[in-house]
Structures are given as C-alpha cells and as structure tokens.
Protein chains: 2
Amino acid sequence: MPRKPPSRPPSSAVEDYLERILDLIDTKGYARVVDIAKSLRISQASVTSMVQRLDAEGLLHYEKYRGLVLTAAGEKLARNITHRHQLLTDFFKLLGIDDEVIYHDVEGMEHHISPSTLRALEALTTALRRQPALLAKVQNTLDAH
Amino acid sequence: MPRKPPSRPPSSAVEDYLERILDLIDTKGYARVVDIAKSLRISQASVTSMVQRLDAEGLLHYEKYRGLVLTAAGEKLARNITHRHQLLTDFFKLLGIDDEVIYHDVEGMEHHISPSTLRALEALTTALRRQPALLAKVQNTLDAH
DNA sequence: CAAGAAACTTTGGCGCGGCTAACTTTCTTC
DNA sequence: GAAGAAAGTTAGCCGCGCCAAAGTTTCTTG
C-alpha cells in the first residue's frame with residue numbers, strides 16, 4: 001500500500017482550482033493553463049505553480065508543457081465541490097436572490113460548509129419546493145423592504 | 001470634512017477581530033490584548049499589530065500599553081457583523097444542526113454573505129418558525145440518512 | 001520549414017496574517 | 001517601594017497565493 005501523505009483539508013484556493021478544472025474538462029474536453037487562468041481571473045504563472053502543487057498532492061497528473069488530467073481522487077473531490085456549489089446555488093435561487101449575488105456569495109461560502117449542514121440545506125430545499133405558498137410569503141416580506 | 005481613505009471592505013480577519021472585541025466589551029466592559037488573543041486562539045503579538053492597524057483605519061482608538069476602545073464607526077461595523085453572525089446561527093439552529101457544526105460553519109461563512117442574501121435568510125427563518133410541520137419533515141428526511 | 005504568435009514555465013517579489021523570542025511597561029504583592 | 005509576574009510591544013521570520021518580467025517550448029501560418 002502506498003503511504004498517504006498527512007495532507008490537510010484542501011484550501012479554498014485548491015477547491016476553486018479543482019472546480020474550474022472539472023468544469024473546463026466537462027465542457028471543452030480538456031483544461032489548459034491559459035483557460036484556467038482566464039476562468040479564475042488570475043495569471044498563468046499562478047496557475048502553473050498551483051498545478052504543480054496539485055500534481056504533487058496526487059489530485060492531477062501534470063506533464064510540463066503538455067497539459068493535465070485529474071486523477072480519480074482529484075475528480076472525486078472536484079465532483080463533491082461542484083455538487084456542493086450547485087446545492088447552494090439552487091437553494092438561494094429558490095429564495096429569489098439575484099443571480100450575481102448568488103454567484104458572489106456561493107463563491108465565498110462554499111468552502112466553509114460542513115457535510116451535515118449541506119444535507120440539511122438539501123432537505124430544506126426539497127421541502128420548500130413543495131411549499132410555493134411559503135416561498136411567496138418570503139418574497140412578500142422582502143418586497144416590502 | 002476629513003478625507004476618507006479609499007479603504008477596501010474589511011477582510012475576514014478584521015471582521016473576526018471586531019466581532020470578538022465587541023463581545024468582550026459587551027460582556028466584560030473592556031477588551032484587553034491578552035483576552036482577544038485567547039478568544040481568537042492566536043498570539044498576543046498578532047493582536048497588537050492588528051490593533052494598531054484597526055486604529056490606523058479609524059475603527060478603534062488605541063493607546064500603547066493602555067488599551068483600546070471602539071470608535072463609532074468600529075462599533076457600528078462590529079454590531080453589523082455580530083447581527084449577521086446571530087442570524088446565521090439562528091437559521092441553522094432551526095434546521096437542527098449540531099451546535100459545534102453551526103459554530104464552525106458560521107465562523108467560515110459569515111464573511112461572505114451579502115446583505116440581500118442575509119435579508120432573505122432572515123425572512124425565511126421567520127416564515128419557517130411558523131411552520132413546525134415543515135421543519136419536522138426536514139428532520140425526518142435527515143434522520144432517515 | 002522558418003519565423004512569429006501563443007502557451008507555458010521560472011524567477012523573484014509582495015501583502016496578509018500568522019508565529020517565536022526578546023524586550024519594555026504595568027500591575028501586584030509583600 | 002522593590003521585585004517578580006503579567007501584559008504588552010517590537011523585531012524578524014514564514015507560508016500562502018498572488019503578481020510581472022523574462023525565458024522556454026509548442027503551435028500556426030505564409
């Protein structure tokens with residue numbers, strides 16, 4: 001059995017990179033340094049060094065000048081992150097929050113939600129979808145400033 | 001009129017400090033460096049330098065070796081932060097999430113919630129309090145793993 | 001296939017927010 | 001009021017995650 005390095009939980013930055021990389025792969029078939037950089041609005045230099053780090057951590061395979069692919073562990077992690085992002089977005093969408101605001105808030109909050117909190121929000125979202133009257137009430141409260 | 005420095009929005013660290021400082025003042029009457037340090041589980045040295053910075057930003061008055069008091073601006077900001085923290089805690093409490101988890105999650109998320117999202121959560125919390133049946137349903141879903 | 005363009009990497013640097021160690025000031029206690 | 005304890009400060013350092021500038025590799029195109 002290969003020895004696992006101690007590995008602390010992924011930082012917010014690591015989660016952001018994985019999320020974008022998976023999205024690029026799912027939509028374009030591959031993830032280039034230049035695209036990751038544009039997507040995250042950071043420099044290519046920053047992307048290169050993070051990609052090297054993610055390779056060292058076993059989350060992706062990186063070949064200098066040639067590109068990268070997620071490992072099984074990296075893809076699994078990335079899918080969890082994406083799922084969490086989607087659940088949060090769905091929940092706030094249900095509350096009628098503006099898309100721009102949702103994007104901003106989810107981007108910041110997603111890294112700090114525990115699995116159990118996420119499950120609770122998921123259950124709540126499901127329950128609320130069946131209570132449009134309640135949601136309408138919330139909207140009224142908000143519209144009344 | 002004094003010229004306002006450009007001043008970016010407060011960092012998460014700044015918000016954490018203000019939150020603890022206000023809490024100490026409200027409960028003990030004053031906030032000493034040593035207490036802030038214990039409360040945030042960081043060194044006194046770190047607190048000293050942050051306090052100097054908060055003074056420079058006009059959020060508190062600091063007198064070397066003698067202590068500190070919040071300015072009007074600092075207290076107002078701190079109360080907003082505390083209010084936000086409390087709303088989030090109340091909301092998750094309603095969902096039946098474990099206290100430890102709430103504490104952890106709120107600590108991380110609170111810095112990333114827009115006012116409009118906060119208002120929506122507040123309205124939702126109010127509406128949900130009147131729907132114990134719905135909340136029970138959420139609990140059932142969660143208990144069923 | 002040569003040469004310019006585009007992509008990528010390396011190097012060195014910076015700000016933030018922490019730290020320890022050493023020092024100074026203030027408080028306490030006898 | 002002297003001396004030790006406690007609180008506070010300063011100096012110097014570190015890791016993270018970003019950057020610009022310069023160098024290297026790969027792609028494109030006439």
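Helix H4 of chain A passes H6(A) in a left-handed crossing, in what is a predicted model. The axes of H4(A), residues 72-94, and H6(A) come within 10 Å and cross at roughly 40°, which makes the two helices oblique to each other. On the H4(A) side, the contact uses A:Arg84, A:Leu87, A:Asp90, A:Phe91 and A:Leu94. From H6(A) come A:Leu118, A:Leu121, A:Glu122, A:Thr125, A:Leu128 and A:Arg129. Sorted by class, this contact has 6 nonpolar, 1 polar and 4 charged residues.

**Helix packing inside chain B**

Over in chain B, let us look at helix H4 again, this time with another partner. H4(B), residues 72-94, packs on H5(B), residues 99-109, at an angle of about 140°, and their axes are 10 Å apart. H4(B) and H5(B) are therefore oblique to each other, and H4(B) passes H5(B) in a right-handed crossing. If you want to find this contact on screen, H4(B) brings B:His85, B:Leu88, B:Thr89, B:Phe92 and B:Lys93. These meet B:Ile102, B:Asp105, B:Val106 and B:Met109 of H5(B). The contact of H4(B) with H5(B) has 5 nonpolar, 2 polar and 2 charged residues.

**Where the two chains meet**

Now to the protein-protein interface. In it, 26 residues of chain A are in contact with 26 residues of chain B. Helices H5 (99-109), H6 (115-129) and H7 (132-143) of chain A each give two or more residues to the side that touches chain B. H6(A) provides the largest share, with 7 residues. By class, that side of chain A divides into 13 nonpolar, 9 polar and 4 charged residues.

One helix pair shows how the chains come together. The axes of H6(A) and H7(B), the latter spanning residues 132-143, come within 9 Å and cross at roughly 130°. H6(A) and H7(B) are therefore oblique to each other, and their crossing is right-handed. H6(A) takes part through A:Arg119, A:Ala120, A:Ala123, A:Leu124 and A:Ala127. H7(B) answers with B:Leu134, B:Lys137, B:Val138, B:Thr141 and B:Leu142. Here the residues comprise 7 nonpolar, 1 polar and 2 charged.

The table puts the three helix pairs side by side.

| Helix pair | Axis distance | Crossing angle | Handedness |
|---|---|---|---|
| H4(A) and H6(A) | within 10 Å | roughly 40° | left-handed |
| H4(B) and H5(B) | 10 Å | about 140° | right-handed |
| H6(A) and H7(B) | within 9 Å | roughly 130° | right-handed |

**How the copies are related**

What turn lays chain A on chain B? A turn of 180° with a shift of 0.0 Å along the axis does it, and the RMSD is 0.0 Å. The two copies are thus related as by a two-fold rotation axis. A good place to look for this axis is A:Met109, which has the C-alpha nearest to it in chain A, at 2.4 Å. The interface fits into this picture too: 100% of the interface residues of chain A are also interface residues in chain B, so the copies meet through the same surface.

**The surfaces near the DNA**

Let us turn to the two DNA strands, beginning with strand C. Around DNA strand C there are 17 residues, and those that come nearest are A:Val34, A:Ala45, B:Ser11, B:Ser43 and B:Ala45. Helices H2 (33-40) and H3 (44-56) of chain A, together with H3 (44-56) of chain B, each supply at least two residues of this surface. H3(A) gives the most, with 4 residues. The surface near DNA strand C has 9 nonpolar, 6 polar and 2 charged residues.

Which residues are closest to DNA strand D? They are A:Ser11, A:Ile42, A:Ala45, B:Val34 and B:Ala45, out of 18 residues that surround the strand. For the surface near DNA strand D, H3 of chain A along with H2 (33-40) and H3 of chain B each supply at least two residues. H3(B) gives the most to this surface, with 5 residues. By class, the surface near DNA strand D has 10 nonpolar, 6 polar and 2 charged residues.

How values were computed:
Residues are numbered from 1 along each chain as its sequence is written. Chains are lettered from A and ligands numbered from 1 in the order in which they are written. This is a predicted model: local features need pLDDT of at least 70, side-chain atom pairs count only at pLDDT 80 or more; totals for chains, interfaces and linings use all residues. A residue is near a molecule or strand if its C-beta atom, placed from the backbone, lies within 6 Å of it. Ala, Val, Leu, Ile, Met, Phe, Trp, Tyr, Cys and Pro count as nonpolar, Asp, Glu, Lys and Arg as charged, and the others, Gly among them, as polar. Two residues are in contact if their C-beta atoms, placed from the backbone, lie within 7 Å. Axes are lines fitted to C-alpha atoms, for helices over the stretch in contact, and angles run from 0 to 180 degrees between N-to-C directions. Angles under 35 degrees count as roughly parallel, over 145 as roughly antiparallel, 65 to 115 as roughly perpendicular and the rest as oblique. A crossing is left-handed if the near helix is turned anticlockwise from the far one by less than a right angle, and right-handed if clockwise. Copies are superposed by least squares on the C-alpha atoms of residues with pLDDT of at least 70 in both.
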